[in-house]
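Subject: Structure for your review

Dear colleague,

Please find below the sequence and structure that I am handing over to you. My findings follow directly after them.

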Amino acid sequence: MGNAEAKPTGRHKGSKHGNVTETVDKRVEQAFVRLAGSTSNSLTFGDLKGIFGESVAESLWNFLSDSKPYDAKLSFQEFSQHAVSLMGTSTDVYIMAFQPLLHLIKVCSEAAGAGAVAGDEQFIANLAKEMSASGSNAHAIITWKNAICPKFCHALQERILQECLGLNFPVTDYSSDILTPIQMWYVRCSLPSKYSVTGTSTKVNIATATQGISVNRFEANVFDYRGPTVTIFQLTDKSIFVLATEETWRHGSSRFGGPDTMLFQIAPKLERRESSSSIYCNFKIRSAAFGLSFEDVLKINKDMDNVEAAEVWGCASSNALEDQQKLRAWQNKQAEKHKKVPLPGNWDDNPDKTLLEMAGFQFSDEKRRMELDARQ
């Protein structure tokens, strides 16, 4: 659970205590030179403030200097005592260094370019409450981070390493038409890497407050996509849910979803659930209940009329979208073909129709009207 420090890769420097030598990580020396100009110079709080801004600089100075006064100076040897821990593979040290909790949330989200906006107050309060549910001390928050939101401090670490070592990291876009940037950042930091939204990912708005949603539109954009998806629903009661599943969406009378299927409730409260075989989705099979749900938490009506807005992110490669479009074109072609071929018996009672409807086909009611006319 403790911070994993990087393995030293530097030179040995003589100590004042006889033959004892200490290893100086070359990255630490590089960082000090970038921040202070030379290892013979002193590092000041003003140096850090000019580079990182006041919020980050205050915590960073207190951590590196063991809380020296802001008008003090830090030598290279003093800087070396703690700097290497900021470069390790674990980000636990950032939880320790950037307390208190609300300050930690602020600097981590702002480092990601996902700072709070007007209206985020309740979400931030809910997030702080969840993070400190098992205790408000740093060790309890580290436990929460590692179990629930492992990428919480990644952007802050990247920001510091970028300035200290000149490393470049990709810029992440946390935009959404439903979630605010800080909400999207929290979700993305909590999801496994298979749900990463990259340059090849696809975002589709499947409903807006003015456009509305239909079952057909939902199917057309979500079903048959061969890869993980993250779907965001805003319901008419203003509650917001984020549903992530690695399995392909489909109609069925039983629940589906792999071991990394997750549901986040973002508003009005903040909750996270992870459960396999938790998604129920059926808008076609007449012998089963209609609707969409995740366990007993998220419930969407059979006409989706309680959905105000929705968007879906496809998290597979661009080939997944192309495959979905090809499959959709083939299905439409087959549907047109079956519309023209007369089938024996009562078509509504034909088991083939049920199977085709489960596959997403839609049929006109022309044959049913002809059958009704024949009976009259």
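How many bridges join β8 to strand β9, and in which sense do the two run? The model is a predicted one, and in it β8 and β9 (residues 271-274) run antiparallel, joined by four bridges. The two strands form a hairpin, with three residues between them. Within this pairing, M262 stands opposite E274 in β9.

Strand β8 also has a partner in strand β7 (residues 240-245), with which it pairs in the antiparallel sense over five bridges. Here F241 stands opposite Q265 in β8. Strand β8 itself spans residues 262-267 and is mostly covered, since six of its six residues are buried. As a general point, strands of a sheet pair through backbone hydrogen bonds, either parallel or antiparallel.

A further set of strands follows along the chain. Strands β10, β11 and β12 make up an open sheet of three strands, in the order β10-β11-β12 and with antiparallel pairing. Its edge strands are β10 (279-282) and β12 (298-300), each of which pairs on one side only. From one strand to the next, the twist averages 5 degrees. Strand β11, which covers residues 291-294, pairs with β12 over three bridges in the antiparallel sense. In that pair, L292 stands opposite I300 in β12.

I now turn to the helices, where two contacts are described.

The first concerns helix α1 (residues 26-36) and helix α4 (residues 76-83), whose axes come within 10 Å and cross at roughly 125 degrees. An angle between 115 and 145 degrees counts as oblique, and α1 and α4 are therefore oblique to each other. Their crossing is right-handed. On the side of α1 the contact involves V28, E29, A31, F32 and L35, which meet F76, F79, S80 and A83 in α4. Sorted by class, the contact of α1 with α4 has seven nonpolar residues, one polar and one charged.

The second concerns helix α3 (residues 54-65) and helix α6 (residues 101-111). These two helices pack at an angle of about 120 degrees, and their axes are 10 Å apart. That angle makes α3 oblique to α6. In this case α3 passes α6 in a left-handed crossing. The residues S55, V56 and S59 in α3 meet H103, K106 and V107 in α6. By class, the residues of the contact of α3 with α6 divide into two nonpolar, three polar and one charged.

What, then, does the chain contain as a whole? It has 14 helices and 13 strands. Of its 376 residues, 47% count as buried. Among the contacts between residues at least 6 apart in sequence, 63% join residues at least 24 apart.

To recapitulate the points that may be of use when you inspect the model: strand β8 pairs with β7 over five bridges and is joined to β9 by four. The crossing of α1 and α4 is right-handed, whereas that of α3 and α6 is left-handed.

With kind regards

Conventions. Residues are numbered from 1 along each chain as its sequence is written. This is a predicted model: local features need pLDDT of at least 70, side-chain atom pairs count only at pLDDT 80 or more; totals for chains, interfaces and linings use all residues. Side-chain values use heavy atoms; hydrogens and water are left out. Buried means under 20% relative accessible area, exposed over 50%, partly exposed in between (1.4 Å probe, protein chains only). Two strands pair if DSSP finds at least two bridges between them. Axes are lines fitted to C-alpha atoms, for helices over the stretch in contact, and angles run from 0 to 180 degrees between N-to-C directions. Angles under 35 degrees count as roughly parallel, over 145 as roughly antiparallel, 65 to 115 as roughly perpendicular and the rest as oblique. A crossing is left-handed if the near helix is turned anticlockwise from the far one by less than a right angle, and right-handed if clockwise. Contact means heavy atoms within 4.5 Å. Ala, Val, Leu, Ile, Met, Phe, Trp, Tyr, Cys and Pro count as nonpolar, Asp, Glu, Lys and Arg as charged, and the others, Gly among them, as polar.
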